[in-house]
Amino acid sequence: MDYAKTFAQAIDRLHAEGRYRVFIDILRNKGAFPNARCFAGHNGPKPITVWCSNDYLAMGQHPSVIAAMEEALHDVGAGSGGTRNIGGNTHYHVDLEAELADLHGKEAALLFTSGYISNEATLSTLGKLLPGCVIFSDELNHASMIAGIRTSGCEKQIFRHNDLAHLEELLAAADPDVPKLIAFESVYSMDGDVAPIADICDLADKYNAITYLDEVHAVGMYGARGGGISERDAVAHRLTIIEGTLGKAFGVMGGYIAADRNIVDVIRSYAPGFIFTTSLSPVLVAGALASVRHLKASGAEREGQQAAAAQLKTIFADAGLPVMASTTHIVPLMVGDPVKAKKISDILLAEYGVYVQPINYPTVPRGTERLRFTPGPSHDTAMMRELAEALVEIWDRLELRLAA
């Protein structure tokens, strides 16, 4: 076996398919988002504008978040000291879990090191603890949910995206006596569409299923206090488990679940992805705690972000750019070719100082490759018009089609 050749061929395949990922060498400028510095391919740092960050509300730059992290660092030091069983249950963790439980109207919450781990650990553990469980999964669910379902060893039924009739068909065909779990997202981050949460809850009630909702692209963003689409639509109380992240709209790092006390205790006690992992640094938890508290009380960031997203969609459409229909803060621009999507991204960065990553397979289906823009409260009209002008020029250069 020629190991080196095998690994080299694997990388070569990605290059040939236009799917090789390049991670940009970047530093954000504190307090000046979306301005940043790029170090790749330059003699010195080059100023750029970031258009694809998941720090949707720029809370990672918020003074109260930074101050809370600085205070925690000087109070308790850098690390947590190990797993929560060994290193202890840092009080910042206790406070944040209480805030997150309150945010979603649940009895308890549990922190993980990331949103990926919270999905993988929780879904795999639930499946193993429910004998004969069948998990019904939306076909566009995130890779972390798919990994958790696979690890659970359960039977999996995939329903067409947001297709209630197909979901009910699958539920009706299942043994009425076996446990059932419906796993889905609220905001699907690549298309920017929203799940019919209330209708899925109706089906869960009808067929005696529990529900698992991934709100990672919605927490902080929707609802009067940032509780997500489930808060906005007043259905949080109907969901068995709500999962979220602290690394997107809340601007820091980590993931969590919120549910009734017994379910949270079960996951805490049985999930290897929680038990055997060093807990989040209290510095990160303190920052997330400040962010959650701020966004519970302030809607200004959400309102600014929604206004920016709506304006960018309009500017793109008026320029004839192929902006995809989206009812949320996600602004996807269809390209349909992985090589050209990467080329557009490269030109934007090198010539225009604009940073946006191409989204290629397997994140999206082949033939639907796109650029995904996430304008925030600090992206102003001038930035948007300059971006649209750059894209129109590149579209023409690469002989791509604009709308009439």
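Is C52 buried or exposed? In this predicted model, C52 has a relative accessibility of 16%, and since anything under 20% is taken as buried, C52 counts as buried.

Staying with the cysteines for a moment, a search through the whole structure turns up zero disulfides. C52 is not part of one, and its nearest cysteine sulfur belongs to C38, 11 Å away. A pair would have to sit within 2.5 Å to be called a disulfide. C201 is likewise in no disulfide, with the sulfur of C133 as its nearest cysteine sulfur at 16 Å. C201 is also buried, at a relative accessible area of 1%.

Next comes helix α12, which runs over residues 282-297. This helix has 16 residues and covers 23 Å from its first C-alpha to its last, close to the 22 Å expected at 1.5 Å a residue. Of those 16 residues, 12 are buried, so α12 is largely enclosed by the rest of the structure. The buried set starts with P282 and V283, carries on with V285, then takes in A286, G287, A288, L289, A290, S291 and V292, and finishes with L295 and K296. And what do the buried residues of α12 pack against? Their partners are the helices α2 (63-76), α4 (91-104) and α13 (300-318), along with the strand β4 (108-112).

Helix α6 (residues 143-152) has its own buried residues, namely S144, M145, A147, G148, I149 and S152. Their cover includes one helix, α5 (115-129), and several strands: β5 (134-138), β6 (155-159), β7 (180-185) and β10 (210-214). Right after α6, the backbone at G153 takes a positive phi of about 80°.

Then there is the empty space inside. How many cavities of 30 Å³ or more does a search of the whole structure find? The search comes back with one, and the largest cavity holds about 90 Å³ of space. Its lining is made up of R84, H93, L111, F112, T113, I117, G273, F274, T277, T278, S279 and L280. The elements giving two or more residues to that lining are β4 and α11 (272-275). By residue type, the lining of the largest cavity splits into five nonpolar, six polar and one charged. Strand β4 thus turns up in two places: among the elements that the buried residues of α12 pack against, and among those that contribute to the cavity lining.

Methods. Residues are numbered from 1 along each chain as its sequence is written. This is a predicted model: local features need pLDDT of at least 70, side-chain atom pairs count only at pLDDT 80 or more; totals for chains, interfaces and linings use all residues. Side-chain values use heavy atoms; hydrogens and water are left out. Helices (H or I, at least four residues) and strands (E, at least two) are DSSP runs, numbered from the N terminus. The expected span of a helix is 1.5 Å times one less than its number of residues. Buried means under 20% relative accessible area, exposed over 50%, partly exposed in between (1.4 Å probe, protein chains only). Contact means heavy atoms within 4.5 Å. On a 1 Å grid over the protein atoms alone, a cavity is a set of points where a 1.4 Å probe fits but cannot get out, and a pocket is an open set with protein on both sides within 12 Å along at least five of seven lines; lining residues have an atom within 4 Å of a point. Grid points are joined across faces, edges and corners, and a volume is the space filled by probe spheres set on the points. Ala, Val, Leu, Ile, Met, Phe, Trp, Tyr, Cys and Pro count as nonpolar, Asp, Glu, Lys and Arg as charged, and the others, Gly among them, as polar.
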